[in-house]
Amino acid sequence: MISLADIEAARERVDGVARHTPLERSRTFSEMTGADVHLKLENFQRTGAFKIRGATNRIATLPPEAREAGVVTASAGNHAQGVALAAERAGVKATVVMPKFAPVSKVKATRGYGATVRLEGVDYDEAQAVAHDLEREQGLTYVHAFDDPAVMAGQGTLGLEIADDRPDLDTVVVPIGGGGLISGVAVAVKERLDDVRVVGVQAEGAASAAASLSAGEIREIEGVDTIADGIATRSIGEEPFAVMREYVDEVVTVDDREIALALTLLLERSKTLVEGAGAVALAATLSEAFDYDADETIVAALCGGNIDLNRLGTVIRRGLVQMGRYLKITVDLKDRPGELERVSSIVARAGANVYAVHHDRTSRDVAVNAAELELELETDDAEHAASIVEELEADGYEVEVLS
């Protein structure tokens, strides 16, 4: 099991490669929750995520013959980029096996950091199998994303920074994928500070940690389904599991709606862009997934900011729906002149802005003498959205709320 001494030694190795990222109080989220909320902005880290810390420490501890041979890993995202940059800074050759359908932006970024990228397999499991084949065939060292004490100690340097910058903290909230980050952070803050609570957060669609801790053994789930792809693992690692049993106080889950809301609020109110996994700690705080007192000092770790731009729009739209700022409805119209104008007038009087309109006379779901109108509207809040539906219904229209 890793110790505080391991993490402090890792800090010396990581220094100069990984940044000491900011820890800032959020007035907005403090007012929303009643707690004293601080954000650990690890999305500002090199490569956009905490993974550079563990990768740097693992590579720095390699014996000379292993450094000469090089390293290999499998990843479709943040770990790939962390290993690539850490290896490049250490002068070590790195091969990263990524699934064939990995986002092009992440493939390019990994290559840009100097790694040799091989696209193999349709998913992470197949890519990992190829990486282990290369490990055996070429005598490479496999750098695991989380189930490795040196990696865990490297991730724990984030916890040392939190302890240094906020020694009066009461609770630190940390995302859990495979468990490497929370293991390192938990040891660092609990060994350095008194009376600190560590709360882990998983996405509801990838929640293996709570089940494992409850059962007293690692439980692997059949599949994952969440927008927080950075923590979408089917099980936690054996090494992290041992640490979590001793140092982590509580594990909670948040659903994709809560994650999308937190991500959108961070973007709008804090001007901070994170990925889904980077938003889960704040999502758990905002949704009160764990209990906390008024004025309790809470640090939420925003562990990464590498969100795919194609996904960003979808996530923001979900967040706006949760905030009541986006309304999508269908309205059944009589197929006669003036009906569209009449509906538009009601929406305009209600003060909504129209994103998009789709008018369909051919749908099989409407009568021959009718038409279906689909509206996407920008609204002020949930109350405003509800009032628009009420006004349309009061005028005799049948309205279906789609989102």
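Q: At roughly what angle do the axes of helix α1 and helix α10 cross?
A: Let's start with a pair of helices in this predicted model. Helix α1 covers residues 4-14 and helix α10 covers residues 180-192. Their axes come within 9 Å of each other, and the crossing angle is roughly 110°.

Q: Are α1 and α10 roughly parallel or roughly perpendicular to each other?
A: The axes of the two helices cross at roughly 110°. Angles from 65 to 115 degrees fall in a single class. That is why α1 and α10 count as roughly perpendicular.

Q: Which residues of α10 meet α1, and how many residues of the contact are charged?
A: On the α1 side, the residues involved are Leu4, Ile7, Glu8 and Arg11. They meet Gly184, Val187, Ala188, Glu191 and Arg192 in α10. By type, the contact has four nonpolar residues and one polar residue, and the number of charged residues is four.

Q: How much of the protein counts as buried?
A: For an overall view, the protein has 17 helices and 14 strands. Its C-alpha trace spans about 80 × 50 × 40 Å along the principal axes. Of its 403 residues, the share that counts as buried is 54%.

Q: What share of the contacts with a separation of 6 or more comes from residues 24 or more positions apart?
A: Here we look at how far along the chain contacting residues lie from one another. Among contacts in the protein with a separation of 6 or more, those between residues 24 or more positions apart account for 72%.

Q: Which residues touch the most other members of the largest nonpolar core?
A: The largest nonpolar core holds 75 residues. Apart from it lies another core of 25 residues, among them Val14, Ala18, Ala55 and Ala102. Back in the largest core, the residues that touch the most other members are Leu39, Val172, Ile259 and Phe290.

Q: What does Val172 touch, not counting residues up to four places away in sequence?
A: Val172 belongs to the largest nonpolar core. With residues up to four places away in sequence set aside, its partners include Arg197. The full set is Ile162, Val185, Val189, Val196, Arg197, Val198, Val199 and Val299.

Q: Is Gln202 buried or exposed?
A: Gln202 is in strand β8, which runs over residues 197-203. Beyond residues up to four places away in sequence, Gln202 touches Ile176, Gly177, Ala207, Ser208, Ala209, Ala210, Ile236, Val252, Thr253 and Val254. Its relative accessibility is 0%, so Gln202 counts as buried.

Q: What is the relative accessible area of Leu213?
A: Leu213 is found in helix α11, residues 209-215. Leaving aside neighbours within four places in sequence, Leu213 is in contact with Phe241, Met244, Arg245 and Val251. Leu213 is partly exposed, and its relative accessible area is 26%.

Q: How far apart are the C-alpha atoms of Leu213 and Ser344?
A: Along the chain, Leu213 and Ser344 are 131 residues apart. In space, their C-alpha atoms are separated by 55 Å.

Q: What is the N to O distance in the salt bridge of Arg166 and Asp168?
A: Both partners are partly exposed: Arg166 has a relative accessible area of 23%, and Asp168 has one of 40%. Their side chains meet in a salt bridge, with an N to O distance of 2.6 Å.

Q: Which residue forms a salt bridge with Arg219?
A: Arg219 is partly exposed, with a relative accessible area of 39%. Its partner is also partly exposed, at 43%. The closest N and O atoms of the pair are 3.3 Å apart, and the partner is Glu217.

Q: Which residues are joined into one network by salt bridges that share partners?
A: The count comes to 24 salt bridges. One of them joins the side chains of Glu120 and Arg118 at 3.1 Å, N to O. Elsewhere, salt bridges that share partners make one network of Lys40, Glu42, Arg53 and Glu161.

Q: Where is Glu288, a residue with a positive phi?
A: Phi of Glu288 is near 55°, a positive value in a residue other than glycine. Glu288 is exposed, with a relative accessible area of 55%. Its place is in the loop between α14 (276-286) and β10 (297-302).

Q: What is the phi of Asp295?
A: Asp295 is found in the loop between α14 and β10. With a relative accessible area of 61%, Asp295 is exposed. Although Asp295 is not a glycine, its phi is positive, at about 70°.

Key
Residues are numbered from 1 along each chain as its sequence is written. Side-chain values use heavy atoms; hydrogens and water are left out. Helices (H or I, at least four residues) and strands (E, at least two) are DSSP runs, numbered from the N terminus. Buried means under 20% relative accessible area, exposed over 50%, partly exposed in between (1.4 Å probe, protein chains only). Contact means heavy atoms within 4.5 Å. A nonpolar core is a set of buried Ala, Val, Leu, Ile, Met, Phe, Trp, Tyr and Cys residues joined through side-chain atoms within 4.5 Å. A salt bridge is a side-chain nitrogen of Lys or Arg within 4 Å of a carboxyl oxygen of Asp or Glu. Axes are lines fitted to C-alpha atoms, for helices over the stretch in contact, and angles run from 0 to 180 degrees between N-to-C directions. Angles under 35 degrees count as roughly parallel, over 145 as roughly antiparallel, 65 to 115 as roughly perpendicular and the rest as oblique. Ala, Val, Leu, Ile, Met, Phe, Trp, Tyr, Cys and Pro count as nonpolar, Asp, Glu, Lys and Arg as charged, and the others, Gly among them, as polar.
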